[in-house]
Amino acid sequence: MPIFFVYSTREGTFEVIDGLQRLSTIFEFIAQPITEGPKSFLRDENDNFKEALKLNLTESKLEFENLGWHDLGIELQRKFKQYRLVLSVIKDSSQEDTKYDLFQRLNSGSTPLSGQESRNCLMIMLNDELYKFISGLTESESFKEIIDISENQKYQSYSDELATWFSALFIYDDYSGNKNQNSEEYLDAVIKNHFTKIIEHKINIKECFTFTMTTLNKLKEKQAFKTLSSKGIESGAFNLTCFIALSLYFISIYKKNNLVPEELDQEILEKNIQEIKEFVKSKPRGIRTIAFIADINRKTNELC
């Protein structure tokens, strides 16, 4: 079995960096039942009891199909428990990024996670409150209704990535990135170095996020984040650049009013959204996201 990497915290506990799924599977297989039956002592995130795992069909050991831990017998259980697991302990607790940097290197050699899946791991490692906040934003009903993305994107935590983008854009005045960064590096830098700003402004970010998604849902529904065709019609797939541009526009409105404005002129709002989408359409392909953000930020401030 591959080596397990764990991080030694200042409190003297271990955090699993690589091997969590393997360890979880082992624990869920050998879990002792509380009473007779399949229920184990393990609980899920909602504190409900989880079913103990059973073995799936294997090519060479067909006799083990659908057997649980207590079906194996004392001798096999003893052999299983005596199997050696090797841990590599990372002890340099003075460097907060050590465990995440190691996680990224390990991840690059296996089935790679998406950029946001790695960032989610980073958030959990740095501050669990941050991860819960970002993930919580995606529960907005208006957000769910207007974000028209594929099942594969949903599976790869793309909704969390959009919530991360919005949060990063809200603190753009504190960190605007640099011209050499790509979008992944920009988001990573925000989370690693400026996550305290997001937590500091989380009430305002959530209020602005809800205001943005609710307003756009009323105006545009699923067309909200689609670009303009050559005929000026909103069409095609969900467009991240459009999401960034409109997010910045509504963030500018919110900050100018210091809160959610009581009333917005719908005609002016629709006109400005159209102008922003024209601006997005006019940008050449291949432009770096960081450069685009600077341009659209200037544009949205003018419109406000």
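**Figure 1. Aromatic pairs in the predicted model, with the pair Phe166–Phe209 in close-up**. A search of the whole structure of this predicted model gives 14 aromatic pairs. In the pair shown, phenylalanine 166 and phenylalanine 209 are arranged edge-to-face, with 5.1 Å centre to centre and 85° between the planes. Phenylalanine 166 belongs to helix H8 (residues 158-170) and phenylalanine 209 to helix H10 (residues 202-220), and the two are 43 residues apart, so that the pair links distant parts of the chain. Both phenylalanine 166 and phenylalanine 209 are buried.

**Figure 2. The aromatic cluster that includes Phe225, and the contacts of this residue**. One aromatic cluster is made up of Tyr158, Phe225, Phe238 and Phe243. With residues up to four places away in sequence not counted, phenylalanine 225 touches Ile146, Ile147, Met213, Leu216, Ala237, Phe238, Asn239, Cys242, Phe243, Leu246 and Lys277.

**Figure 3. The nonpolar cores**. The largest nonpolar core holds 60 residues. Ile147, Tyr186 and Phe225 have the most contacts inside this core. Helix H11 (residues 240-257) supplies eleven residues, the largest share of the core. A second core, separate from the largest one, has five residues, among them Phe5, Ile17, Ile90 and Met125.

**Figure 4. Charged side chains over phenylalanine rings**. Arginine 22 lies over the face of phenylalanine 4, at 4.5 Å from the ring centre. In the other view, the ring is that of phenylalanine 170, and the charged end of lysine 255 sits over it, 4.6 Å from its centre.

**Figure 5. The salt-bridge network around Arg119**. Arg119, Glu161, Glu184 and Asp188 are linked in a network of salt bridges. The whole structure contains 18 salt bridges. Arginine 119 meets glutamate 161 in a salt bridge of 3.7 Å, N to O. Here glutamate 161 is in helix H8 and arginine 119 is in helix H4 (residues 115-126); they are 42 residues apart, and the pair links distant parts of the chain. Arginine 119 also forms a salt bridge with aspartate 188, where the closest N and O atoms are 3.0 Å apart. Because aspartate 188 lies in helix H9 (residues 183-200) and arginine 119 in helix H4, this pair ties together parts that are 69 residues apart in sequence. Glutamate 161 and arginine 119 are both buried, and aspartate 188 is buried as well.

**Figure 6. The salt bridge between Lys299 and Glu275**. The side chains of lysine 299 and glutamate 275 meet at 2.9 Å, N to O. Lysine 299 lies in helix H13 (residues 289-303) and glutamate 275 in helix H12 (residues 266-282), so this salt bridge ties together parts that are 24 residues apart in sequence. Lysine 299 has a relative accessible area of 18% and is therefore buried, the cut-off being under 20%. Glutamate 275, with a relative accessible area of 27%, is partly exposed.

**Figure 7. The whole chain, for orientation**. The chain has 13 helices and five strands. Of its 304 residues, 39% count as buried. Among contacts in the chain with a separation of 6 or more, 62% are between residues 24 or more positions apart. The accessible surface of the chain is about 17700 Å², and carbon and sulfur atoms account for 49% of it.

How values were computed: Residues are numbered from 1 along each chain as its sequence is written. This is a predicted model: local features need pLDDT of at least 70, side-chain atom pairs count only at pLDDT 80 or more; totals for chains, interfaces and linings use all residues. Side-chain values use heavy atoms; hydrogens and water are left out. A nonpolar core is a set of buried Ala, Val, Leu, Ile, Met, Phe, Trp, Tyr and Cys residues joined through side-chain atoms within 4.5 Å. Buried means under 20% relative accessible area, exposed over 50%, partly exposed in between (1.4 Å probe, protein chains only). Helices (H or I, at least four residues) and strands (E, at least two) are DSSP runs, numbered from the N terminus. Contact means heavy atoms within 4.5 Å. Rings of Phe, Tyr and Trp (its six-membered ring) pair if their centres lie within 6.5 Å; planes under 30 degrees apart count as stacked, over 60 as edge-to-face and the rest as tilted. A charge sits over a ring if NZ of Lys or CZ of Arg is within 6 Å of the ring centre and within 35 degrees of the ring normal. Accessible areas come from the Shrake-Rupley method with a 1.4 Å probe; for residues, only the protein chains shown count as cover. A salt bridge is a side-chain nitrogen of Lys or Arg within 4 Å of a carboxyl oxygen of Asp or Glu.
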